[in-house]
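Q: Please give me a close look at a single part of this structure. I should like to understand how that part is placed and what surrounds it.

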Amino acid sequence: MNIYDIAKEAGVSISTVSRVLNDKGYVSAKTKARIQEVLKRNKYQPSAIARGLVSGTMKNVAIVTVDVRHPHYAMTTFIMEQKLTGLGYMVLVCNTGAKKEECMKYLRMLSRNQVEGVILVGSEFNELCDPDELSQLLPETPIVMANGELKLPSVQSILVDEGYGVQLAVQHLYDRGHRNISFVMDTQKDAAVRKQNGFLMKMKQFGYDDAKERILYTGYGVEGGEQAAKQIVGDARRYDAAIFTEDLTAIYAMNTLQNMGYRIPENIAVIGCNNSEYSRISNPPLTTINNKGELLSELSVQLLENLMTGKSEKASLIIRPELVVRQTT
């Protein structure tokens with residue numbers, strides 16, 4: 001049943017039905033009740049496209065991430081999608097992968113489908129997005145970067161002060177008596193670089209001129225954690241603590257160290273980052289930097305909604321992480 005059928009059955013014009021459906025314009029209480037009774041009896045659900053044509057908005061937005069399987073991105077994307085859906089938006093979730101051309105292919109698709117807002121999740125998009133093409137594809141579309149930054153008029157950012165979080169971790173380890181602290185980089189994305197810079201800054205404050213040499217490079221996940229563990233105990237400095245850029249890599253490293261006969265934290269203290277569910281169920285539970293993914297998600301949705309509805313034009317927000325101390329330090 002369409003709007004024409006509803007109008008015919010209710011004995012009114014289609015414009016009157018439209019005013020009732022969109023709650024715009026005057027309709028007498030008696031006529032409105034008659035139309036609503038017909039709608040209810042026929043279980044009528046208005047087409048999103050039809051509503052969009054009348055209201056001038058399709059209320060479709062996109063959440064774009066590199067890989068939604070990543071624990072941190074899975075959590076943030078879920079929260080964003082739930083909140084946007086609750087606000088009445090139709091949400092597209094896009095997984096671009098780590099290649100620039102694939103990322104731009106998705107953004108071209110979003111341009112063709114005339115999305116009204118976009119959230120880019122993660123600092124990877126600093127490198128994956130072509131600023132010139134993006135400004136041409138979505139010149140008037142509000143874009144929010146969750147923990148990333150692009151210098152374009154249409155793009156607003158919410159950044160997590162990752163460097164500050166790592167400085168908290170270094171201070172915590174130093175206060176616990178650790179003097180041979182390492183930092184494990186399992187990715188080269190912008191957020192990880194900010195973490196690295198926080199490590200270098202704090203270590204130099206403590207007088208470590210060799211701070212750069214204490215950075216260990218590995219991959220993400222199982223193999224990266226195993227490799228990192230071997231580097232931690234194989235280095236001539238005999239590290240007694242390690243800070244990781246990701247929880248999952250930290251946990252795999254911790255498991256490898258325990259299998260090698262090292263006790264956590266008695267022999268080696270371990271700190272992760274993201275405060276993921278894995279950090280709470282690892283054995284022992286992992287001390288981690290809480291970069292407040294829930295707050296990042298909520299603020300990103302709020303900012304995008306404000307930009308799309310004209311409540312806000314520009315914003316620059318910074319989130320301060322905190323250290324969650326558990327049993328690995």
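A: Two strands are said to pair if DSSP finds at least two bridges between them. Strands (E, at least two residues) and helices (H or I, at least four residues) are themselves DSSP runs, numbered from the N terminus.

The model is predicted, and local features therefore need pLDDT of at least 70, side-chain atom pairs count only at pLDDT 80 or more, and totals for chains, interfaces and linings use all residues. Residues are numbered from 1 along each chain as its sequence is written, and side-chain values use heavy atoms, with hydrogens and water left out.

The part chosen here is strand E6 (181–185), together with the loop that follows it. E6 runs parallel to strand E8 (residues 241–244), to which four bridges join it. One of the residues paired in this way is Phe 183, whose bridge partner in E8 is Ile 243. E6 also runs parallel to strand E7 (residues 215–217), here with three bridges. In E7, Leu 216 is the bridge partner of Val 184.

Is E6 buried or exposed? Buried means under 20% relative accessible area, exposed means over 50%, and partly exposed lies in between (1.4 Å probe, protein chains only). Five of the five residues of E6 are buried, so the strand is largely enclosed by the rest of the structure. Both of its faces are covered: one side carries Ile 181, Phe 183 and Met 185, the other Ser 182 and Val 184.

Met 185 also belongs to a core of 21 residues that includes Ala 169, Ile 271 and Cys 273. A nonpolar core is a set of buried Ala, Val, Leu, Ile, Met, Phe, Trp, Tyr and Cys residues joined through side-chain atoms within 4.5 Å.

The neighbouring strand E7 contains Ile 215, which counts as buried because its relative accessibility is 8%. Contact means heavy atoms within 4.5 Å. Leaving aside neighbours within four places in sequence, Ile 215 is in contact with Phe 183, Met 185, Gln 196, Phe 199 and Leu 200. Ile 215 and Ile 243 are 28 residues apart in sequence, and their C-alpha atoms are 9.6 Å apart in space.

After E6 comes Asp 186, in the loop that leads to helix H10 (190–205). In general, side chains of opposite charge can pair when their charged atoms come close. A salt bridge is a side-chain nitrogen of Lys or Arg within 4 Å of a carboxyl oxygen of Asp or Glu. Lys and Arg count as positive and Asp and Glu as negative, while His and the chain ends are not counted. Asp 186 is buried yet has no salt bridge, and Lys 195, the nearest side chain of opposite charge, is 6.8 Å away.

What does the side chain of Asp 186 make a polar contact with? A polar contact is a pair of N or O atoms within 3.5 Å; within protein, one must be able to donate a hydrogen and the other to accept it, and residues adjacent in sequence count only if both atoms are side-chain atoms. The side chain of Asp 186 makes one such contact with the side chain of Thr 245 (2.5 Å) and another with the side chain of Thr 249 (2.6 Å). Among the residues that Asp 186 touches, not counting those up to four places away in sequence, are also Thr 218, Gly 219 and Tyr 220.
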